[in-house]
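The following exercises ask the reader to work from the strands outward to whole chains and their contact. Each task is followed by a solution that goes step by step.

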Amino acid sequence: MKVISVIPSWNCSATLAEVVKEVKDKVDSIVLVDDGSTDQTREIAKLLTVDYLRHPINRGQGAALKTGTIYALSQDADVIVHFDADGQFRAEDIPALVNPIIKGEAEIVFGSRFLDDTTKMPAFKKKVIMPLAHFINRVFFNIKMSDPQSGFRAFSRRAAKQLDWQQDRMAHCSEILVAAHASKLPIVEVPITVLYPDFGQKLGGGFKILYDMFIAKLNS
Amino acid sequence: MFQEFIALAVIVFFLLRLGWQFYKDQIPKSQFIFWLSFWGVAGLLLIYIRQIDQLAARLGFSSSGIQLLLYVAVAVIFYVIFRLRLKLAQMEKDITELTRLAAISERDKNKS
């Protein structure tokens, strides 16, 4: 089975080379989507063995992931893994995400930070933001996943073709969760470890996600 | 009475200007119809301002019909902003689609 990792990158030149180096041993190839970076991303990408795509202007992580996923499908990917370029995810968790798909146990696999206690999340995020996101997922979307905002995920080819997210910015995470559940494809969660060199998305970002999803709902 | 006359004169001025712009092909028909309706409704509201005063009183507003019109205008502005936001979201989506096409076709070009 051909496993392709899609890595969106926006001004992540500081961590990019190291991330690609770690991921390339775990997958067959890497699609790097430069989302209109203004730093050294392009120069660094030239030195790496990746399929390099560049958005001429910044369109957001959701948009970059979709571009990479479409391209990976065109390259006959059987499994697509979404990974981050900022060094928050660990490449050694990739096999755990891919295996359920290879074994035919799942079509969609989400990494979860809450299935074990290896992720050291900032307290405010753990005690306030995440429970709020849990509550919103459960009440509005009837989603009972342990991790309400997982960006580390793997899709089978079938799932990647079927899931069509429209959110360009951070709301894509929630939209993919909702679309995955609506698809009725088998979903599995596996434990992952996420590193937090900084706080990451703040509470305001959460409200922005809700607003973006609300506007998208009205526009659909 | 004098204020109403001034307001009507302003509306007539804009209507004439609108007619001229349409005659000179400076605006499309859809825009002409929209602004014609807009100024037409504004003119009608001014002409029937006494009746609107009575309506405002009947609806329980303590002040004049002009203020009722202001409330309606604010509501309309909110609605227009909301519509604009939806339109912007659609434009953002279109820009992303173009960006994606450019990125993939550039990659395919470099590969071949």
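## Exercise 1: a strand and its partners

Four bridges join β1(A) to β4(A), and the two strands run parallel; strands are said to pair if DSSP finds at least two bridges between them, and strands (E, at least two residues) and helices (H or I, at least four) are DSSP runs numbered from the N terminus. This is a predicted model, in which local features need pLDDT of at least 70 and side-chain atom pairs count only at pLDDT 80 or more, while totals for chains, interfaces and linings use all residues. Residues are numbered from 1 along each chain as its sequence is written, and chains are lettered from A and ligands numbered from 1 in the order in which they are written.

Task: identify the bridge partners of Val6(A) and Ser9(A), and establish how β1(A) is enclosed.

Solution. In β4(A), Val6(A) has His82(A) as its bridge partner. Turning to β2(A), six bridges pair this strand with β1(A) in the parallel sense, and here Ser9(A) is partnered by Asp34(A). For burial, a residue counts as buried if 20 or more other C-beta atoms lie within 10 Å of its own, as exposed if 12 or fewer do, and as partly exposed in between, with C-beta atoms placed from the backbone. Seven of the seven residues of β1(A) are buried, so the strand is largely enclosed by the rest of the structure. In a regular strand, side chains alternate between the two faces of the sheet. Both faces of β1(A) are covered, with Val3(A), Ser5(A), Ile7(A) and Ser9(A) buried on one side and Ile4(A), Val6(A) and Pro8(A) buried on the other.

## Exercise 2: the sheet

Task: place the strands of chain A in their sheet order and explain what is left open at the edges.

Solution. The open sheet consists of seven strands in the order β3-β2-β1-β4-β6-β5-β7 (chain A), with mixed pairing. Because β3 and β7 (187-191) of chain A stand at the edges with a single partner strand each, one side of each is left without a neighbour in the sheet. At the β3(A) edge, five bridges join that strand to β2 (residues 29-35) of chain A in a parallel arrangement, and Leu32(A) stands opposite Tyr52(A) in β3(A).

## Exercise 3: two chains

Task: compare the radius of gyration of each chain, taken over C-alpha atoms, with the globule rule of 2.2 Å times the number of residues to the power 0.38.

Solution. Chain A has eight helices and seven strands. Its radius of gyration is 16 Å, close to the 17 Å that the rule gives for 220 residues, so chain A is as compact as a globular protein of that length. Of these 220 residues, 45% count as buried.

Chain B has four helices and zero strands. A compact globule of 112 residues would have a radius of gyration near 13 Å, whereas chain B has 23 Å. Its C-alpha trace spans about 75 × 40 × 15 Å along the principal axes, and buried residues make up 4% of the chain.

## Exercise 4: the contact

Task: describe the side of chain A that touches chain B by element and by class.

Solution. Residues are in contact if their C-beta atoms, placed from the backbone, lie within 7 Å; the contact takes 17 residues from chain A and 14 residues from chain B. On the chain A side, β3 (51-55), α3 (61-74) and α8 (203-219) each give two or more residues. By class, this side has nine nonpolar, four polar and four charged residues, where Ala, Val, Leu, Ile, Met, Phe, Trp, Tyr, Cys and Pro count as nonpolar, Asp, Glu, Lys and Arg as charged, and the others, Gly among them, as polar.

Notes:
Two residues are in contact if their C-beta atoms, placed from the backbone, lie within 7 Å.
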